[in-house]
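Let's walk through this model together, starting with a pair of helices and working outwards. Have the structure open and follow along.

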Amino acid sequence: MDSIEEKVKDIIAQELDAPRDQINDSTHFINDLGADSLDMVELVMRLEEEFGVHVPEDATDKIQTVGEAIEYIKQHAGS
Amino acid sequence: MQRRRVVVTGLGVVTSLSRQVDDLWQRICRGESGIGPITVFDASQFPVRFAGEVRNWSTEGYLSNKEARRLDRFCQFAMVAGIDAVRDAGIDFQQCDSYRCGVIVGSGIGGLNEIETQHERLLTKGPERVSAFTIPKLMVNAAAGQLSIHFGLRGPNAAVASACASASHAIGEAFQAIRYGEAEVMLTGGSEAALTPMGIAGFAQMRALSERNDEPTRASRPFDKDRDGFVLAEGAAVLVLEELEFARARGARIYAELAGYGASADAGHITQPDQSGQGPSHAMLRAIQDAGVAPEQMDYINAHGTATPLGDVAETNAIKRVFGQHAYRLNVSSTKSQLGHLLGASGAVEAVLTVLAIHHQTVPPTINLETPDPDCDLNYTPLEPVKRPVRVAMSNSFGFGGHNASLVFRALET
């Protein structure tokens with residue numbers, strides 16, 4: 001695993017108070033980790049800060065799994 | 001309308017002196033003080049550098065990390081006090097009709113920590129960095145809402161805000177809900193965590209706070225000639241109130257009966273008490289009448305007694321107005337001398353201590369009352385607790401805004 005992937009999963013574990021080893025690419029924020037809309041805003045804000053990306057509102061709505069979050073950040077970080 | 005009787009069956013506290021009800025009572029009676037230097041923020045540049053702070057705060061064993069992060073400190077206090085009170089009452093809400101169980105919890109200010117934290121982020125990082133939890137954390141009704149969610153209580157639910165009278169009003173309203181048939185069980189009380197830079201600065205600028213920085217434990221001196229203001233404190237208390245027959249049917253341990261509630265306004269100044277004591281005397285009188293007791297039956301008054309120069313005289317005059325010569329025979333004390341002033345939670349902590357005074361037949365002392373003030377000439381139970389019959393007792397709370405609330409508790413007649 002590369003470092004972006006590791007770091008994103010660490011942050012998700014922290015923000016959603018979830019066991020780190022239960023987080024994989026297909027983990028669904030709402031269905032698997034019990035996140036609500038406020039958690040998602042917080043999580044995205046944290047990821048924006050960590051990776052220096054900006055996630056517009058319509059993109060936020062499409063990020064539903066851990067893998068989708070990682071993919072978005074990989075595409076947009078440092079750009 | 002038929003009035004039902006209401007009893008107190010569970011108590012929970014979070015204070016600077018203790019987080020356990022029995023331990024708090026013993027420390028209060030031993031005359032210990034919970035006041036010390038402020039450590040939650042750097043107060044070195046503030047004119048007041050001490051308070052009744054809840055040290056080493058943790059919600060471990062009560063809330064998950066995720067739950068705790070979604071709650072402002074004031075709400076965390078309320079949750080922990082509430083969970084302890086329910087445990088103390090031994091009530092299983094699974095066995096109750098959830099629509100007949102409610103929550104009314106007061107706070108003077110609400111989530112001041114959250115307001116300050118997020119305002120700082122707003123100014124330094126911009127509007128898109130403000131937390132999504134800002135509003136649900138800071139709102140003054142967060143404690144009542146969160147307690148209902150935690151226990152699944154779907155009955156009457158609200159917050160009361162009347163500054164330093166918030167908790168007493170909350171308890172009074174919860175009492176009415178049971179008395180007039182809206183609920184069987186109510187969690188009620190107050191919570192406050194205004195020990196922040198803005199809280200200290202704001203109260204200090206009013207010249208409301210004691211500035212006895214060199215002697216924190218001696219700073220809260222209700223009714224003493226050398227008092228110089230109140231000591232800000234934080235914490236919470238929650239009481240479980242139940243309809244008498246409901247409590248009996250489940251074999252609950254009953255601490256005392258909540259028998260009367262009276263409320264009034266000074267309609268004078270937004271912060272200064274009326275020296276005649278007329279406003280508070282009306283609340284006290286209403287509470288006594290509501291309880292159906294004669295003034296001569298009053299054994300103990302847990303005073304609002306914040307140790308401000310004007311407030312203590314006004315309350316003394318109010319007590320004399322209501323009780324006449326009996327004012328000199330009953331015992332008064334201010335447990336703010338040990339704990340400081342918990343603002344919108346003070347009435348809840350003091351209701352707990354008033355209930356315990358009945359339960360233990362003991363009047364807790366007013367510590368630091370060393371030099372009597374000629375204008376405060378009642379028996380304030382100085383320095384040492386007094387063992388005496390305590391069958392009827394009252395707790396007073398008065399708030400900025402001119403709000404007055406009094407609660408009358410009595411030993412349950414069997």
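Start where α7(B) and helix α13 (residues 346-360) of chain B pack, at an angle of about 65° and with their axes 5 Å apart. Axes here are lines fitted to C-alpha atoms, for helices over the stretch in contact, and angles run from 0 to 180 degrees between N-to-C directions. Helices (H or I, at least four residues) and strands (E, at least two) are DSSP runs, numbered from the N terminus. On the α7(B) side the contact uses B:S166, B:A167, B:S168 and B:I171, while α13(B) brings B:S346, B:G347, B:A348 and B:A351. Contact means that the C-beta atoms of two residues, placed from the backbone, lie within 7 Å. Sorted by class, this helix pair has four nonpolar, four polar and no charged residues in its contact. For the classes, Ala, Val, Leu, Ile, Met, Phe, Trp, Tyr, Cys and Pro count as nonpolar, Asp, Glu, Lys and Arg as charged, and the others, Gly among them, as polar.

A word on bookkeeping. This is a predicted model, in which local features need pLDDT of at least 70 and side-chain atom pairs count only at pLDDT 80 or more, while totals for chains, interfaces and linings use all residues. Residues are numbered from 1 along each chain as its sequence is written, and chains are lettered from A and ligands numbered from 1 in the order in which they are written.

Now zoom out to the domains. The domain assignment splits chain B into domain 1 (6-249) and domain 2 (261-410); such bounds come from an automatic or database domain assignment. Taken over C-alpha atoms, the centres of these two domains of chain B are 21 Å apart. Their contact takes 61 residues from domain 1 of chain B and 57 from domain 2 of chain B. On the domain 1 side, the elements giving two or more residues are β1 (6-14), α1 (21-30), α7 (166-179), β6 (185-192) and β7 (235-243) of chain B. Which of them gives the most? That's α7(B), with eight residues. By class, this side of domain 1 of chain B has 30 nonpolar, 22 polar and nine charged residues.

Next, find the open sheet in chain B: ten strands in the order β5-β4-β6-β7-β1-β8-β14-β13-β9-β10, with mixed pairing. Strands pair if DSSP finds at least two bridges between them. At the edges stand β5 (157-160) and β10 (331-333) of chain B, each with a single partner strand, so one side of each lacks a neighbour in the sheet. On average, neighbouring strands are turned by 25° against each other, direction ignored.

Within that sheet, look at β6(B). All eight of its eight residues are buried, so the rest of the structure largely encloses this strand. Buried means that 20 or more other C-beta atoms lie within 10 Å of a residue's own, with C-beta atoms placed from the backbone (12 or fewer is exposed, in between is partly exposed). B:V185, B:L187, B:G189 and B:S191 point one way from β6(B), and B:M186, B:T188, B:G190 and B:E192 the other. Strand β4 (residues 101-106) of chain B runs parallel to β6(B), joined by six bridges, and β7(B) runs antiparallel to β6(B), joined by eight.
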